[in-house]
Amino acid sequence: MNRLTFIQLCAENKDNCVVFEQLMWQYTKELDKYQDRTTPTNFIAKWIDSIIQIQGDSDRHLELCYDNRTLIGFLYGKIDHPEHKGYTKVGYGYIMEFFVLPEYRRNGYGKEMYLRLEKLFRQDGAKRMYLTSNPVTGDPFWESLGFVNTGEKSPENGNEIYERQIFDGKDRTVKIIKYPDDIILSSITKRHGEKADEVIRGLTNVISTAHYHSDFFSTIMYGNNDEIIGYANFIQSSSEPSKWFYTDLWIAPECRHQGFASEIVSTGWQHLSELNAKILLCVVEPHNEASLNLQRSLGFVHIKTEPFEDFEVDGLVMFKMTIPMNYNIVSLADDIDHLCFICDLLTHPSNVSALHLKRISANEYHQFYKEMKEALILSAADDELNYIIRKGVVPIAWLKLNGLSKDSLWISMLVVHEKYRNLGVGTFALKCVEEFAFSTQRKHIYINTTADNIIAQSLYKKAGYIVMRETEYQNEDETKLLRYTLHKEIFFK
């Protein structure tokens with residue numbers, strides 16, 4: 001399928017009218033076949049002509065659909081007004097006729113044509129739309145697009161009436177709710193009918209248990225008039241705080257197939273990123289193709305099913321997402337205010353100990369800051385670059401490169417704020433260094449670390465760095481330790 005072209009029909013364009021007439025004859029023939037009837041040809045001819053002649057209002061849409069030069073079908077809809085004859089829902093968009101040529105069905109054209117008509121109705125200001133289903137398109141097609149049977153029948157043709165809401169970006173919001181109250185739970189479960197009380201008890205138990213042993217929040221989507229139209233629950237592992245599980249994803253039937261499920265889940269994992277979570281799991285029924293495809297589209301990967309708390313996961317398909325941390329990197333030269341962050345890193349007791357630095361007293365801090373400003377900014381060496389790694393605008397690590405030669409560079413400092421350790425910051429920093437080396441055609445990256453810095457050694461070796469030599473070294477704090485020099489080669493295609 002290529003980019004579809006839609007052509008509005010008007011009586012003055014005879015060529016387009018002929019094309020539409022041919023489609024309508026085929027459409028009515030198919031209707032007669034399904035309904036076991038024969039419509040008089042003179043009636044069909046008059047019907048087709050009346051449709052063509054009535055065109056002209058800006059909120060009446062009769063369009064031919066083409067894929068490049070290939071005719072696919074047509075769509076016909078209008079906004080109902082009080083002066084319109086017959087059965088009407090004033091202010092609603094009414095899908096009057098809809099036809100895809102048989103040879104192009106089940107290829108996604110019908111959905112794209114529907115989305116076109118929905119967009120036109122939205123531009124016309126309609127908030128809801130309706131149709132009477134016919135045997136050609138069929139109930140399953142419209143239900144798959146979120147239309148709901150109202151239980152009414154059209155007094156004109158006796159067909160059942162289907163409706164759905166028309167949404168735009170202003171019609172919905174997604175909120176993070178940590179402690180859902182009785183009103184929220186009642187709103188969520190009201191569509192469960194007789195089982196509503198049972199569902200409320202079940203959700204209350206899940207929410208309470210999660211809060212007692214770990215953590216919990218819901219992502220809830222609100223539509224017009226603050227009506228809940230979708231939600232999902234997110235539960236933290238009690239044994240692995242960085243691992244979460246999402247469940248109970250639900251979208252109101254009339255709101256499905258509009259990307260709302262993706263929006264709800266994405267809002268959840270973005271919030272988890274802010275909580276420094278690492279892993280998000282979910283399970284899906286093995287035959288639920290729509291949900292399986294949703295998880296894949298969001299970036300989840302299929303894994304072997306593993307237990308999670310007390311949830312029943314046997315026989316289900318488990319998916320896993322590594323939650324994006326949304327780190328970014330900026331040059332120190334672009335914002336020297338980050339110099340204070342660097343000085344604070346180098347005077348923090350945990351870093352002083354791990355890096356064997358000289359201890360700086362409170363009285364010495366001001367002088368230390370002046371020396372660092374001189375070294376890193378005012379008189380920075382030509383072969384040296386300093387970067388700050390951030391989460392949003394929050395500085396969380398300092399990366400220093402030096403020894404920039406024609407084909408190599410050194411990582412001379414990589415220090416992560418204690419709150420953000422073991423969250424992939426080091427791995428992100430190394431990827432940035434390797435991208436820089438690749439873009440500048442530097443083939444070799446080197447780094448030194450001490451024998452007692454096991455965490456750093458693990459990071460570098462996991463990233464493919466190899467110990468090339470060992471030397472005895474005296475640190476700033478005058479301790480003598482074995483120092484490892486590690487190396488990684490960058491290969492260019």
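Two strands count as paired when DSSP finds at least two bridges between them. With that in hand, welcome to this predicted model, whose protein chain holds 13 helices and 21 strands. The radius of gyration is 32 Å, well over the 23 Å that the globule rule gives for 493 residues, so the protein chain is more spread out than a compact globule. Here is a tour, from the whole chain down to single residues.

**Overall dimensions and packing**

- The C-alpha trace of the protein chain spans about 105 × 55 × 40 Å along its principal axes.
- Of the 493 residues in the protein chain, 45% are buried.
- The exposed surface of the protein chain comes to about 26400 Å², and carbon and sulfur atoms supply 50% of that area.
- Taking contacts in the protein chain between residues at least 6 apart in sequence, 63% join residues at least 24 apart.

**The sheet from E1 to E7**

- Seven strands make up this open sheet, with mixed pairing and the order E1-E2-E3-E4-E5-E7-E6.
- Its edges are strand E1 (4-8) and strand E6 (148-153), each of which pairs on one side only.
- Neighbouring strands here are turned by 30° against each other on average, with direction ignored.
- Helix H1 (residues 14-35) packs on the sheet, where it touches E1, strand E2 (60-67), strand E3 (70-79) and strand E4 (93-100). The direction of H1 makes about 85° with that of E3.
- E6 runs antiparallel to strand E7 (residues 160-165), and three bridges join them. In this pair, Lys-153 has Glu-160 of E7 as its bridge partner.

**The sheet from E8 to E14**

- Another open sheet of seven strands follows the order E8-E9-E10-E11-E12-E14-E13, and its pairing is mixed.
- Strand E8 (173-177) and strand E13 (301-303) stand at the edges; each has a single partner strand, so one side of each is left without a neighbour in the sheet.
- From one strand to the next, the twist averages 30°.
- E8 pairs with strand E9 (residues 216-222) in the antiparallel sense over five bridges, and Lys-175 stands opposite Ile-220 in E9.

**Strand E11 and its two partners**

- Seven of the nine residues of strand E11 (residues 243-251) are buried, which leaves the strand mostly covered.
- Strand E10 (residues 228-236) pairs with E11 in the antiparallel sense over six bridges, and a hairpin links E10 to E11 through six residues.
- E11 also runs parallel to strand E12 (residues 279-284), joined to it by three bridges.
- Trp-244 appears in both pairings: this E11 residue is the bridge partner of Gln-236, and Trp-244 also stands opposite Leu-280 in E12.

**Asn-276, a buried loop residue**

- Asn-276 sits in the loop between helix H7 (260-274) and E12.
- Is Asn-276 buried or exposed? Its relative accessible area is 15%, and buried means under 20%, so Asn-276 is buried.
- Leaving aside residues up to four places away in sequence, Asn-276 touches Lys-391, Tyr-420 and Leu-423.

**Strand E18 and its two partners**

- Strand E18 (residues 408-416) has seven of its nine residues buried, so it is largely enclosed by the rest of the structure.
- Strand E17 (residues 394-402) runs antiparallel to E18, with six bridges joining them; Lys-400 stands opposite Met-413 in E18.
- E17 and E18 form a hairpin with five residues between them. Gly-403, in the turn, has a positive phi of about 65°.
- Strand E19 (residues 444-450) pairs with E18 in the parallel sense over four bridges, and Ser-408 stands opposite His-444 in E19.

**Nonpolar cores**

- Which residues touch the most other members of the largest nonpolar core? Among its 78 residues, they are Leu-280, Phe-300 and Ile-411.
- Ile-411 touches, among others, Leu-399, Lys-400, Leu-401, Leu-430 and Val-433, not counting residues up to four places away in sequence. Its contacts also include Ile-445, Tyr-446, Ile-447, Asn-448 and Tyr-465.
- Another core, of 22 residues, lies apart from the largest one; its members include Cys-65, Phe-98, Met-129 and Leu-145.

Note on methods: Residues numbered from 1 in each chain as written. Predicted model: local features only at pLDDT ≥ 70, side-chain atom pairs only at ≥ 80, totals over all residues. Heavy atoms only, no water. Helix = DSSP H or I, 4+ residues; strand = E, 2+ residues; numbered from the N terminus. Axes fitted to C-alpha atoms, helices over the stretch in contact; angles between N-to-C directions. Contact = heavy atoms within 4.5 Å. Core = buried A, V, L, I, M, F, W, Y, C linked by side-chain atoms within 4.5 Å. Buried < 20%, exposed > 50% of the residue type's maximum accessible area, 1.4 Å probe, protein only. Rg over C-alpha atoms; globule rule 2.2 N^0.38 Å. Areas by Shrake-Rupley, 256 points an atom, 1.4 Å probe, with all protein chains shown as cover.
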